[in-house]
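Student: I keep getting lost when I look at a whole protein at once. Please pick one part and go through it slowly with me.

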Amino acid sequence: MLAAMRADGYYHQADGVFDRWAAWRVAATLDAPVAPARKPRRLVVLSHGQGFARANYTALATELASRGWIVATVDHPYGGLMVTARGRVIRAGDDGAVGTSDSTLGRMVHDWALDATFVLDRVAAAGRDGLDPRRAAMVGHSLGGAAALEACALDRRFAGCVDLDGAPFGRVVEAGTRGPVLLLNSNPDYTDAELARKGRTREQWDAMGTSILRALTDVAAKSSGPVYRGTIRGTSHVGFSDAPFAMPEANTHFGGRLLAPERTHEIVSGTVLAFLDACVAGNGRWQPGELGRRFPELTLTRLDPQR
C-alpha cells in the first residue's frame, strides 16, 4: 500500500512522509484472539472518504476496537486507493465513474452502501461466536458518511449510523433514513482575515452553514428515527481521518485555528463511542448534555421532529 501511495503522490505527500508511516507502530496486532464477552459483540462497518485509503482511519478504528466493538474497515473499489490480494492497485475513478453531479455521487453512495451490506452478509455467513450481525452500525467519513445514511435506509441490520462530515446524497435526500443517526460536522475556526483571503465574508460563511443545516434538517424531517447533529469547533474536514497525525499539512491546508490532533481525536472518538454504545448497543442512555460538558468544543442538537 505504501508503494502505491508513493507512486500516486497520495495527497501530495513527500517521500519522507511514507517512510515515517512505514516505521510507525500502532496499538494493534495481527491475528489477535477475540477476548470473551458476556454480551453479544456489535459490528461497526467503517467507510472512508472519496480518494482516501481505509488505512487512514487507523486511530478511530483502533479506538472503537479497544472499547469492545468489532470494526470492519472497507475499501470501496474505485472510490479510494486500494491494493487487491493479487497486487492490483485500484484508484478512485479508475472505472470511469467520475464527476461531482448529484446523480453521479448518488450512484456512488448507493454502491458503497451495498458494499456495507455485503460485509454484513459475509460476517453473518462466517458465524463468529458472540458477534451479532443483526444489530450493526455503520460509520463513514465524507462520501462514506453519506453511504452510512444510505446503508441504514437500505438494510435494517444497521441499527444506527454515524455520518462524519458527509453531505447527504442518494435516496435519503428524498426519503430520509432510519435512525438513530449522528451527523458530526467540522467547524473550522476562521478569523475574518482568513475568510477574506478565501474571498468570503463572515456573512457568506454563515450563510453557507445555514444552507448545510437546512439540507440536514430536511433529511431528518423525512427520517423515521432520531437524528442528532453535532459540530466540533476547531476541526477541518479531513480531521475525522488520521490526517491531523499523519498528514498535518493536509489538515491545515485551508487554514483556520484548529484543535491539537490529540484533542480532535478525543472528541470525535468519544462522541462516536457514546452514540454507538447508547443508541446501537443499548448500554446506557444517550446524554448529549453530558458530552457537551465533557467537550466544550462540541455543540449537539436534535434535528428530527420529535413526534
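Student: How many residues line the second largest pocket, and which of them lie nearest its centre?

Tutor: Before we dig in, this is a predicted model, where local features need pLDDT of at least 70 and side-chain atom pairs count only at pLDDT 80 or more, while totals for chains, interfaces and linings use all residues. Residues are numbered from 1 along each chain as its sequence is written, and side-chain values use heavy atoms, with hydrogens and water left out.

Now your pocket: 45 residues line the second largest one, and Asp165, Ser186, Met208, Ile212 and His237 sit nearest its centre. Several elements give two or more residues to that lining: H4, strand S7 (181-187), helix H8 (202-222), strand S8 (227-233) and helix H10 (248-251). (Helices, H or I with at least four residues, and strands, E with at least two, are DSSP runs numbered from the N terminus.) H8 gives the largest share of the lining, 10 residues. By type, the lining splits into 18 nonpolar, 16 polar and 11 charged residues. Here Ala, Val, Leu, Ile, Met, Phe, Trp, Tyr, Cys and Pro count as nonpolar, Asp, Glu, Lys and Arg as charged, and the others, Gly among them, as polar.

The space in this second largest pocket comes to about 1400 Å³. A pocket is an open set of points on a 1 Å grid over the protein atoms alone where a 1.4 Å probe fits, with protein on both sides within 12 Å along at least five of seven lines, and lining residues have an atom within 4 Å of a point. Points are joined across faces, edges and corners, and the volume is the space filled by probe spheres set on them.

For a comparison, try the largest pocket, at about 2000 Å³. It has 47 lining residues, with Ala28, Thr29, Thr58, Ala61 and Thr62 closest to the centre. Helix H3 (58-66) is among the elements that supply at least two lining residues there, and so is H4. H3 brings the largest share of that lining, 7 residues. The lining of the largest pocket divides into 30 nonpolar, 8 polar and 9 charged residues.

H4 has now turned up in the lining of the largest pocket and in that of the second largest, and it deserves a look of its own. Helix H4 runs over residues 102-126, and its 25 residues reach 36 Å from first C-alpha to last, close to the 36 Å expected (1.5 Å times one less than the number of residues). Just after H4 comes Gly127, with a positive phi of about 60°.
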